Every structure is written in structure tokens, then in C-alpha cells.
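Student: Please take a close look at the largest pocket in this model, and at the parts of the chain that surround it. I would like one connected account.

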Amino acid sequence: MDNCIFCKIIGGDIPARKVFEDEKILIIEDVSPQAPLHLLLLPKKHFANCLDMTPFDDDVAGYALRKGGEIARSNGYAESGFRIVQNNGAGAGQSVFHIHFHLLAGREFAWPPG
């Protein structure tokens, strides 16, 4: 998408603090962290959110969750816990309409989250 900020970050047009990258996903530090560890897991394939996915895209979420877990573990949060969140639509808090997951750790989280 030409005007998608996450597509521009993935394409290298906008700089970001990269944590991990491969052919499927880019993981960056959030510019407005809400926890001591707050990363954005950006699938390289553009979808507005999970409502735009098809059965051919089922591996996207699983891969993002597994990579998020690996990073949480490598940063020492496997025991204390972490949260991975994916918002769908403005009413749920989505502000960039490129599917992404927030990996948050390092503080207590309330339930319910909203």
C-alpha cells in the first residue's frame, strides 16, 4: 500500500528500530511504548486487519505469535508473562490499518484489558 506507514517501514522508506526481520515479518520497537518491552510484529504482507485475511493467510498469525513468544523468552519474560494483542478497527484501538501485533511485557496487565 502506497500510503501505509508500516508498508513504508517494511520497505525501508521510513527508519525504525528493528529487533528481527526475515522474509515474513519485521519486528520493531514501538515509538510510544506502553510497557518496558513493547514491540510491533509487522507481517510483511499487507492486510488492514484479520477481517481481510483468507484461508491462504492462516500461517501469518501463527508465525507472528511464535516469533513473539521467542522474543519474549529471549528477553526474560517467559516466567513473568507477556501479552500479544491484535486490534481490529478504530473502535478496538487500531490506529494503523496494516495488521500488526503488539508484544508487551515487563509490567502487570489488568483484565479485562479495555
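Tutor: The largest pocket holds about 660 Å³ of space, in a model that is predicted. Its lining is made of 30 residues, and the closest to the pocket centre are Asp-30, Ser-32, His-38, Leu-40 and His-102. By class, the lining divides into 16 nonpolar, 9 polar and 5 charged residues.

Which elements give two or more residues to this lining? They are helix 1 (5–10), strand 2, strand 3, strand 4 (82–85) and strand 5. Helix 1 gives the most, with 3 residues.

Some of these elements also contribute to the nonpolar interior. The largest nonpolar core has 16 residues, and those with the most contacts inside it are Ile-25, Ile-27, Leu-37, Leu-39, Leu-41 and Leu-103. Two or more residues of this core come from each of strand 2 (25–29), strand 3 (37–43), helix 2 (58–74) and strand 5 (101–105). The largest share, 5 residues, is that of helix 2. A separate second core has 10 residues, including Phe-6, Ile-28, Leu-40 and Val-96. Leu-40 is thus a member of the second core and is also listed among the residues closest to the pocket centre. As a general background, nonpolar side chains in soluble globular proteins tend to be buried together.

Leu-39 shows how these parts meet. Apart from neighbours within four places in sequence, Leu-39 is in contact with Val-19, Ile-27, Ile-28, Glu-29, Asp-30, Ile-71, Phe-101, His-102 and Leu-103. Among these partners, Asp-30 and His-102 are also named among the residues closest to the pocket centre.

Strand 4, which helps line the pocket, holds Arg-83. With neighbours up to four places away left aside, Arg-83 is in contact with His-102, Leu-103, Leu-104, Phe-109, Ala-110, Trp-111 and Pro-113. Arg-83 and Met-53 are 30 residues apart in sequence, and their C-alpha atoms are 22 Å apart in space. One of the contacts of Arg-83, Trp-111, is joined to Pro-112 by a cis peptide bond, with omega about 0°. Pro-112 is placed in the segment after strand 5.

The loop between strand 4 and strand 5 contains Asn-88. Asn-88 is partly exposed, with a relative accessible area of 28%. Beyond four places in sequence, Asn-88 touches Asn-49, Cys-50, Leu-51 and Gln-94. Asn-88 and His-98 are 10 residues apart in sequence and 9.9 Å apart in space, C-alpha to C-alpha.

Cys-50, a contact of Asn-88, leads to the cysteines. How many disulfides does the structure hold? The count is 0. The sulfur of Cys-4 has its closest cysteine sulfur in Cys-7, at 3.7 Å, which is too far for a bond. The cut-off for a disulfide is a pair of cysteine sulfur atoms within 2.5 Å. Cys-50 is in no disulfide either, and the nearest cysteine sulfur, that of Cys-4, is 16 Å away. As for exposure, Cys-4 is buried, with a relative accessible area of 7%, whereas Cys-50 is partly exposed, with a value of 35%.

Key: Residues are numbered from 1 along each chain as its sequence is written. This is a predicted model: local features need pLDDT of at least 70, side-chain atom pairs count only at pLDDT 80 or more; totals for chains, interfaces and linings use all residues. Side-chain values use heavy atoms; hydrogens and water are left out. A nonpolar core is a set of buried Ala, Val, Leu, Ile, Met, Phe, Trp, Tyr and Cys residues joined through side-chain atoms within 4.5 Å. Buried means under 20% relative accessible area, exposed over 50%, partly exposed in between (1.4 Å probe, protein chains only). Helices (H or I, at least four residues) and strands (E, at least two) are DSSP runs, numbered from the N terminus. Contact means heavy atoms within 4.5 Å. On a 1 Å grid over the protein atoms alone, a cavity is a set of points where a 1.4 Å probe fits but cannot get out, and a pocket is an open set with protein on both sides within 12 Å along at least five of seven lines; lining residues have an atom within 4 Å of a point. Grid points are joined across faces, edges and corners, and a volume is the space filled by probe spheres set on the points. Ala, Val, Leu, Ile, Met, Phe, Trp, Tyr, Cys and Pro count as nonpolar, Asp, Glu, Lys and Arg as charged, and the others, Gly among them, as polar.
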